[in-house]
Amino acid sequence: MPYPRFNSPALWLLGAIALVGLGWVAVGGWLDYRALVTLIRSWGAYAVVGYVLLFAVATAVGVPGTFFPMVAGALFGWVWGSVWALLGATLGAILAFLVARYCAYDWLQQRMAHHWWLHALEQSVAAQPFWFILAVRLAPFSPFSIVNFGFGLTTIPFPTYAAATFIGLIPSIVTYAWFGAAGDTLLTTGDLLPLLAASLGLMLLTVVPLWWQRRQRNR
């Protein structure tokens, strides 16, 4: 299925974003929890917007962002931290999807068309696209960045991808934001109970999907 392509300025912009992301990775800026919290707090009234954009760009360029929701929980609290982290993660996943589809679709198809995993992904998505994407998002060990680009190489409709991604990210984002907020509570008040409860939530986030997948296979 042919897709429209971005023009040259957009490709230059994409390259600039990628270079910025790689630069941050090189200095450890996105991988240092304390430095990231301090940086975003220094933005004052622009902290929310800056955090969402930073998380989105980090996700789009493939920077591991597991602790980004934790940062949101520590900065904005559990509820609003979950909201802003979910927004940033979804925007980043959408950006990576659009990059794969509109900037790299033809190039990657030429080089990866013979790979079995691309055919398997296309066939799986074609059957029930929404539920397949939702299941991948809920899987505890899904390679988030690779999956974002991989879905962009399929013919799945963009609205379906965006909706399933948004819904599927909710459990993990909320749990990690909870953990971040609980950790901040421990540091400020010394109360360990919220952190223990959040740790239990993280354990359930890993165990429950695996149990459900095993149950489905047995059926």
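This is a short walk through a few helix contacts and buried cores in one structure. Keep in mind that we're looking at a predicted model.

Let's start with two helices. Helix 3 covers residues 47–60 and helix 5 covers residues 78–102, and their axes come within 7 Å, crossing at roughly 35 degrees. The crossing is right-handed. So you can find it on screen: helix 3 brings residues including Val 48, Tyr 51, Phe 55 and Thr 59, while helix 5 answers with residues including Trp 84, Gly 88, Leu 91 and Ala 96. What kinds of residues make up this contact? There are 14 nonpolar, three polar and no charged ones.

Now the cores. The largest nonpolar core has 21 residues, and Leu 36, Ile 40, Tyr 51, Phe 68 and Val 71 touch the most other members. Helices 2, 3, 4, 5 and 10 each give two or more residues to this core. Helix 3 gives the most, with six.

Have a look at Tyr 51, which we met at the helix crossing. Beyond its close sequence neighbours, Tyr 51 is in contact with Ile 40, Trp 43, Phe 68 and Val 71, among others.

There's also a second, separate core of 13 residues, and Phe 97, Ile 133, Val 136 and Tyr 161 are among them.

Last stop: Arg 137, in helix 8, residues 129–138. Is Arg 137 buried or exposed? Its relative accessible area is 8%, under the 20% cut-off, so Arg 137 counts as buried. Farther along the sequence, its contacts include Phe 144, Asn 148, Tyr 161 and Leu 169. Ala 93 is another of its contacts, and Ala 93 also takes part in the contact of helix 5 with helix 3.

Conventions
Residues are numbered from 1 along each chain as its sequence is written. This is a predicted model: local features need pLDDT of at least 70, side-chain atom pairs count only at pLDDT 80 or more; totals for chains, interfaces and linings use all residues. Side-chain values use heavy atoms; hydrogens and water are left out. Axes are lines fitted to C-alpha atoms, for helices over the stretch in contact, and angles run from 0 to 180 degrees between N-to-C directions. Helices (H or I, at least four residues) and strands (E, at least two) are DSSP runs, numbered from the N terminus. A crossing is left-handed if the near helix is turned anticlockwise from the far one by less than a right angle, and right-handed if clockwise. Contact means heavy atoms within 4.5 Å. Ala, Val, Leu, Ile, Met, Phe, Trp, Tyr, Cys and Pro count as nonpolar, Asp, Glu, Lys and Arg as charged, and the others, Gly among them, as polar. A nonpolar core is a set of buried Ala, Val, Leu, Ile, Met, Phe, Trp, Tyr and Cys residues joined through side-chain atoms within 4.5 Å. Buried means under 20% relative accessible area, exposed over 50%, partly exposed in between (1.4 Å probe, protein chains only). Lists of a residue's contacts leave out its neighbours within four places in sequence.
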